[in-house]
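I opened this notebook to record two things I looked up: the enclosed cavities and the salt bridges. The entries follow in the order in which I made them.

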Amino acid sequence: MPELPEVEVVRAGLHPAVTGAVVRRVVVLEPRSLRRHDGPLEDFVDRLEGATLQSAVRRGKFLWFPFEASGQGEPAHPALVAHLGMSGQVLLRDTAADDDRLLRVRLDLVHPRHGDIRLAFVDQRIFGSMAIDSTVPTADGFAAGYSSASILGHSSDDEGESVPFSRTPTVETPVQDARPWVTRIPTQVAHIARDPLDPAFDEGRFFARLAATRSGVKRALLDQTLVSGIGNIYADESLWAAKIHGEQPSNSLTRSRARLLLVEIRAVLYRALAEGGTSFDAQYVNVNGQSGYFSHSLNAYGQQGKPCPRCGTPIVREQFMNRGSHFCPRCQRLR
DNA sequence: CACACACCCTGTTTGC
DNA sequence: TGCAAACAGGGTGTGT
């Protein structure tokens with residue numbers, strides 16, 4: 001479930017289940033799902049079995065689980081990194097349950113309070129992956145990603161594990177935290193920019209990079225090293241909301257239009273999050289296999305032929321970057 | 001260097 | 001009904 005809101009829904013669901021849980025048994029049914037793991041399959045299994053998971057963290061569309069190894073020889077502060085790709089799911093199952101049809105990796109956990117839990121990595125297209133990775137300190141000293149119980153702030157199962165991470169950035173001071181994993185990021189994720197809901201998101205850098213490229217705004221929004229968490233749906237939705245054409249050269253945006261765009265991106269992501277993410281079918285679900293409702297709130301994505309909710313002009317779909325781009329030809333003009 | 005594109009995959013939906 | 005093509009929300013490596 002690829003974009004930020006869907007991945008955050010998954011992360012929030014996993015957080016109470018994995019925090020403090022010990023990995024009992026790991027089964028890899030599809031070796032290609034470990035493509036990004038640096039080492040053989042047995043290495044992945046052996047290093048994980050017996051490990052204690054410390055949290056569920058997310059930056060953009062990347063998820064990771066810092067863990068404490070049981071055995072010797074494990075480098076300090078490793079993490080299990082998961083990326084869902086186009087079709088990945090992480091589901092919480094009963095340890096006695098039958099395997100899901102497209103199950104690729106299975107982690108059986110025992111949690112000190114919740115007991116036995118199975119973490120099932122299901123992925124149709126195998127674009128997603130799991131890997132054990134080492135971590136490095138964040139360049140800015142801030143928390144590496146989001147790791148509280150819920151970004152919406154109304155979960156009851158926080159267990160006091162919250163890392164300060166408010167929606168509105170306040171004064172930025174590097175985090176002082178006894179848990180070293182908080183400010184460490186997996187090397188595979190280190191090049192990914194912070195996402196727009198991250199209080200340490202560097203707005204100045206975002207605007208500067210937009211101003212420094214001639215490529216279209218949509219392409220820039222999909223560039224995860226510029227800003228993370230935005231995929232095809234939320235790019236189209238944000239651009240529609242800001243009335244910007246996706247092929248408008250990034251460096252031709254005025255500063256105020258760029259600011260408006262960022263405001264709309266945050267609004268769209270936050271709304272989608274509040275509705276549990278977007279899903280068109282059983283593919284995009286939370287850890288309990290349930291779908292979100294944001295598909296009912298889409299204004300542009302997948303709405304080709306339907307009237308623009310603002311002006312009534314039919315929404316157009318065009319092929320772009322091997323993907324569909326949906327926009328209102330009247331509200332979103334190239335200029 | 002910045003940019004554009006091919007490629008990695010399988011299952012479901014669409015169209016003939 | 002059967003079959004093939006088109007399609008899917010992502011990231012990375014390679015070539016120009």
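The entries below cover the cavities, then the salt bridges.

**Entry 1, the model.** I note at the start that I am working from a predicted model.

**Entry 2, cavities.** I looked up how many cavities of 30 Å³ or more the structure holds, and there are 5. For the largest cavity I wrote down a volume of about 100 Å³.

**Entry 3, lining of the largest cavity.** I listed the residues around the largest cavity: Lys218, Asp236, Leu239, His245, Gly246, Glu247, Glu318, Phe320, Ser325, His326, Phe327 and Gln332. I then sorted the lining by class and got 3 nonpolar, 5 polar and 4 charged residues. Which elements each supply at least two residues of this lining? I found helix H5 (232–242), strand E11 (316–320) and strand E12 (323–327). E12 gives the largest share, with 3 residues.

**Entry 4, salt bridges.** I turned to charged pairs next. Side chains of opposite charge can pair when their charged atoms come close. The count for this structure is 15 salt bridges.

**Entry 5, arginine 58 and glutamate 8.** I looked at this pair and found a salt bridge between the side chains, at 2.8 Å from N to O. Arginine 58 is in strand E3 (residues 57–59) and glutamate 8 is in helix H1 (residues 4–18), so the salt bridge ties together parts 50 residues apart in sequence. Are the two residues buried or exposed? I noted both arginine 58 and glutamate 8 as buried.

**Entry 6, glutamate 30 and arginine 32.** The side chains of these two residues also meet in a salt bridge, at 3.1 Å from N to O. I checked the accessibility of each partner. Glutamate 30 has a relative accessible area of 12% and is buried, whereas arginine 32, at 51%, is exposed.

**Entry 7, arginine 209 and aspartate 223.** Here I recorded a salt bridge of 3.6 Å, N to O. Why does this pair tie together parts that are 14 residues apart in sequence? Arginine 209 lies in helix H3 (residues 203–211), and aspartate 223 lies in the loop between helix H4 (217–222) and H5. Arginine 209 is partly exposed at 28% relative accessibility, and aspartate 223 is partly exposed with a relative accessible area of 27%.

**Entry 8, a network.** I finished with shared partners. Glu8, Arg11, Arg58 and Asp195 are joined into one network by salt bridges that have partners in common. Arg58 and Glu8 are the pair from entry 5, with their salt bridge at 2.8 Å.

Technical notes:
Residues are numbered from 1 along each chain as its sequence is written. Chains are lettered from A and ligands numbered from 1 in the order in which they are written. This is a predicted model: local features need pLDDT of at least 70, side-chain atom pairs count only at pLDDT 80 or more; totals for chains, interfaces and linings use all residues. Side-chain values use heavy atoms; hydrogens and water are left out. On a 1 Å grid over the protein atoms alone, a cavity is a set of points where a 1.4 Å probe fits but cannot get out, and a pocket is an open set with protein on both sides within 12 Å along at least five of seven lines; lining residues have an atom within 4 Å of a point. Grid points are joined across faces, edges and corners, and a volume is the space filled by probe spheres set on the points. Helices (H or I, at least four residues) and strands (E, at least two) are DSSP runs, numbered from the N terminus. Ala, Val, Leu, Ile, Met, Phe, Trp, Tyr, Cys and Pro count as nonpolar, Asp, Glu, Lys and Arg as charged, and the others, Gly among them, as polar. Buried means under 20% relative accessible area, exposed over 50%, partly exposed in between (1.4 Å probe, protein chains only).
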